[in-house]
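Please open the model in a viewer and keep the sequence panel visible. The stops below are given in the order in which they may be selected.

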Amino acid sequence: MRERLALSTPVMGACGKTGTWRVFRPVVDREICNACGICSLYCPDGVINEEDYSIDLDYCKGCGICANECPKKAITMERE
Amino acid sequence: MSGLQETEYILKCTSACAGCSTSLILRHVLAAAGPDTVLVIPACCTSVIQGVYPKTSFRIPVYNVAFAASAAVASGMSAAFEAMGKKTNVIAYAGDGGTVDIGIQALSGALERETNFLYICYDNEAYGNTGMQRSGSTPLGARTTTTPEGKGHKKKDLDRIVAAHSIPYMATACSAYPKDLAGKVEKALATKGPAFIHVLAPCPPGWRYPAEKTIEMGKLAVKTGVWALYERMYETVVISGPTKAAMIKPTPIEEYIKPQGRFKGITPETITTIRLDSERMLRRLAAEEEGSC
Ligand SMILES: Cc1ncc(C[n+]2csc(CCOP(=O)(O)OP(=O)(O)O)c2C)c(N)n1
Ligand code: SF4
Ligand code: SF4
Ligand code: SF4
Ligand SMILES: [Mg+2]
């Protein structure tokens with residue numbers, strides 16, 4: 001019975017390396033960042049690490065929400 | 001939100017559009033719900049963004065079901081878990097089309113039968129997955145592919161329909177307020193019986209604004225009073241903080257309407273109608289909270 005169900009397996013990169021979609025890349029100025037965590041709270045894709053706020057560019061889609069919401073304006077979107 | 005990383009139940013990455021509220025909402029819903037959760041998902045953007053068989057980016061069990069069937073399937077699932085003595089959370093996660101239009105009778109039936117589950121409607125105000133056709137939840141004046149001149153009908157008041165079922169917990173939320181959303185999900189899941197959360201989900205391609213403005217759009221919806229955040233426990237209404245603030249000092253509604261391409265060409269009269277309707281809704285909620293109606 002089990003084999004006859006179409007069961008998908010969870011894996012990283014199930015939808016490909018979505019970082020290739022990006023036109024603009026978020027660049028964080030660590031001098032300005034005060035580690036408030038707002039960027040990672042709002043990243044729709046959860047690609048901002050919650051401990052050190054590093055961004056996984058293999059998967060970041062470049063939406064720009066983090067840069068728009070950062071209260072310190074520590075993130076700039078730079079053309080790839 | 002420390003600790004979310006261990007509780008990310010969506011693996012990098014989904015195929016959702018950049019800046020998608022639907023992904024952001026689900027990320028926080030699943031973090032609040034924890035690993036002992038099963039999702040029931042009808043045809044909608046969320047059934048697509050999971051990935052294509054045999055791979056998925058969702059780390060918890062998902063049951064993909066026919067468009068109209070989410071609440072009916074969730075009912076059966078909830079009954080089965082109860083019979084097995086399991087406490088697994090059953091969450092239906094459906095779009096506005098799948099809720100206010102095609103799934104409404106299944107939802108109404110499940111609420112009436114007091115099914116022990118949580119139904120979440122994420123509302124991007126159109127049939128997103130099939131290319132932005134109008135739904136019953138599309139607001140007045142909004143352009144969609146089937147309302148190229150702007151919708152001539154008002155947004156269906158789903159929340160009052162749900163409220164008429166007098167359920168133990170219902171709430172509204174918005175992707176721009178993830179902590180408020182997470183708190184409401186926790187309360188909903190702690191409730192025995194049916195719980196319902198309606199989440200406004202700004203959608204960059206559908207609403208036609210740049211992807212980085214998703215949070216801004218959600219905040220503006222609340223600050224202008226177009227979208228109200230509240231909870232309802234049977235007949236008791238509790239208005240949430242951001243909407244309380246908007247009631248005291250609302251942001252002009254044009255600040256929400258003007259940046260969205262879907263409202264291009266909207267007339268001042270239509271904007272006035274939307275404003276008056278929002279004000280009426282807020283007055284009604286305030287009166288309900290006071291217990292005077
Ligand atoms: C019975 C049936 N009718 C139509 C469709 C095609 N369809 C699939 S998803 C969808 C739109 C869903 O819209 P909504 O529920 O708002 O979710 P969204 O895509 O916006 O996330 C439609 C029309 C279908 N799958 N089944
Ligand atoms: S929002 Fe800005 S200041 Fe806060 S952690 Fe992110 S980059 Fe740093
Ligand atoms: S640009 Fe978007 S996807 Fe990339 S890290 Fe920022 S919020 Fe996340
Ligand atoms: S169409 Fe809208 S809701 Fe659907 S995946 Fe894209 S941004 Fe998300
Ligand atoms: Mg929709």
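The tour that follows moves from the chain interface to the ligands and then to individual residues; the model is a predicted one.

**The interface between the chains**

Begin by displaying chain A and chain B together. Here 31 residues of chain A are in contact with 41 residues of chain B. The two chains bury about 2800 Å² between them, and carbon and sulfur atoms account for 58% of this area. Next, select Leu41(A), Tyr42(A) and Glu50(A): these residues supply 22% of the area that chain A buries against chain B, more than any other three residues.

**Ligands 2 and 3, in chain A**

Select ligand 2 together with its surroundings. Among the residues around it are Cys33(A), Cys36(A), Cys39(A) and Cys70(A), as well as Tyr53(A), Lys72(A) and Ile75(A). By class, this shell consists of nine nonpolar, two polar and one charged residues.

Move then to ligand 3. The residues around this ligand include Cys43(A), Cys60(A), Cys63(A) and Cys66(A), together with Pro26(A), Val47(A), Ile48(A) and Lys61(A). Its shell divides into eight nonpolar, two polar and one charged residues.

Before leaving chain A, select Lys73(A), in the loop between helix H2 (65-69) and strand E3 (75-79). Lys73(A) is not a glycine, yet has a positive phi of about 55°. Is Lys73(A) buried or exposed? Its relative accessibility is 54%, over the 50% limit, and Lys73(A) therefore counts as exposed.

**Ligand 1, in chain B**

Centre the view on ligand 1, which has 16 residues around it; Gly97(B), Gly98(B), Tyr122(B), Gly128(B) and Asn129(B) come nearest. The shell comprises eight nonpolar, seven polar and one charged residues.

Which polar atoms should be displayed here? Three pairs involving an oxygen atom of ligand 1 may be shown in turn:

- Asp96(B): an N or O atom of the side chain is 2.9 Å from an oxygen atom of the ligand.
- Gly98(B): a polar backbone atom is 2.7 Å from an oxygen atom of the ligand.
- Asn129(B): a backbone N or O atom lies 2.7 Å from an oxygen atom of the ligand.

On its own, ligand 1 has 590 Å² of accessible area, of which the protein covers 71%.

Asp96(B) also leads to the next selection, Asn124(B), with which it is in contact. Asn124(B) is placed in the loop between E5 and H6 of chain B. Other contacts of Asn124(B), apart from neighbours within four places in sequence, are Cys45(B), Ala201(B), Cys203(B) and Trp207(B). With a relative accessibility of 4%, Asn124(B) counts as buried.

**Helix H5 of chain B and what follows it**

Select residues 104-112 of chain B, which form helix H5; its buried residues are Ala106(B), Leu107(B), Gly109(B), Ala110(B) and Leu111(B). What covers them? The cover includes helices H3 (70-83), H4 (97-101) and H6 (158-163), as well as strands E5 (118-123) and E7 (195-200), of chain B.

Step just past the helix to Glu114(B), where phi is positive, at about 55°. Thr115(B) is in the loop between H5 and E5. The side chain of Thr115(B) makes a polar contact of 3.0 Å with the side chain of Ser75(B). Contacts of Thr115(B) also include Ala74(B), Ser78(B), Ala110(B), Gly193(B) and Pro194(B). Its relative accessible area is 8%, under the 20% limit, so Thr115(B) is buried.

**Ser47(B) and its surroundings**

Now select Ser47(B), in helix H2 (residues 45-49) of chain B. A polar atom of its side chain lies 2.6 Å from the backbone oxygen of Cys44(B). Beyond four places in sequence, Ser47(B) touches Ile41(B), Pro42(B) and Asn64(B). Ser47(B) counts as partly exposed, with a relative accessibility of 23%.

**Backbone details in chain B**

Finish with the backbone. The peptide bond joining Lys12(B) and Cys13(B) is cis, with omega about 0°; Cys13(B) is in the segment before helix H1 (21-33). A cis bond also runs from Tyr53(B) to Pro54(B), with omega near 10°, and Pro54(B) lies in the loop between H2 and strand E2 (55-56).

The last stop is Ser166(B), in the loop between H6 and strand E6 (169-174). Ser166(B) has a positive phi of about 50° although it is not a glycine, and is partly exposed at a relative accessible area of 30%.

Notes
Residues are numbered from 1 along each chain as its sequence is written. Chains are lettered from A and ligands numbered from 1 in the order in which they are written. This is a predicted model: local features need pLDDT of at least 70, side-chain atom pairs count only at pLDDT 80 or more; totals for chains, interfaces and linings use all residues. Side-chain values use heavy atoms; hydrogens and water are left out. A residue is near a molecule or strand if one of its heavy atoms lies within 4 Å of it. A polar contact is a pair of N or O atoms within 3.5 Å; within protein, one must be able to donate a hydrogen and the other to accept it, and residues adjacent in sequence count only if both atoms are side-chain atoms. Accessible areas come from the Shrake-Rupley method with a 1.4 Å probe; for residues, only the protein chains shown count as cover. Ala, Val, Leu, Ile, Met, Phe, Trp, Tyr, Cys and Pro count as nonpolar, Asp, Glu, Lys and Arg as charged, and the others, Gly among them, as polar. Buried means under 20% relative accessible area, exposed over 50%, partly exposed in between (1.4 Å probe, protein chains only). Helices (H or I, at least four residues) and strands (E, at least two) are DSSP runs, numbered from the N terminus. Contact means heavy atoms within 4.5 Å. Buried area is the accessible area (1.4 Å probe) that two parts lose on being put together, summed over both.
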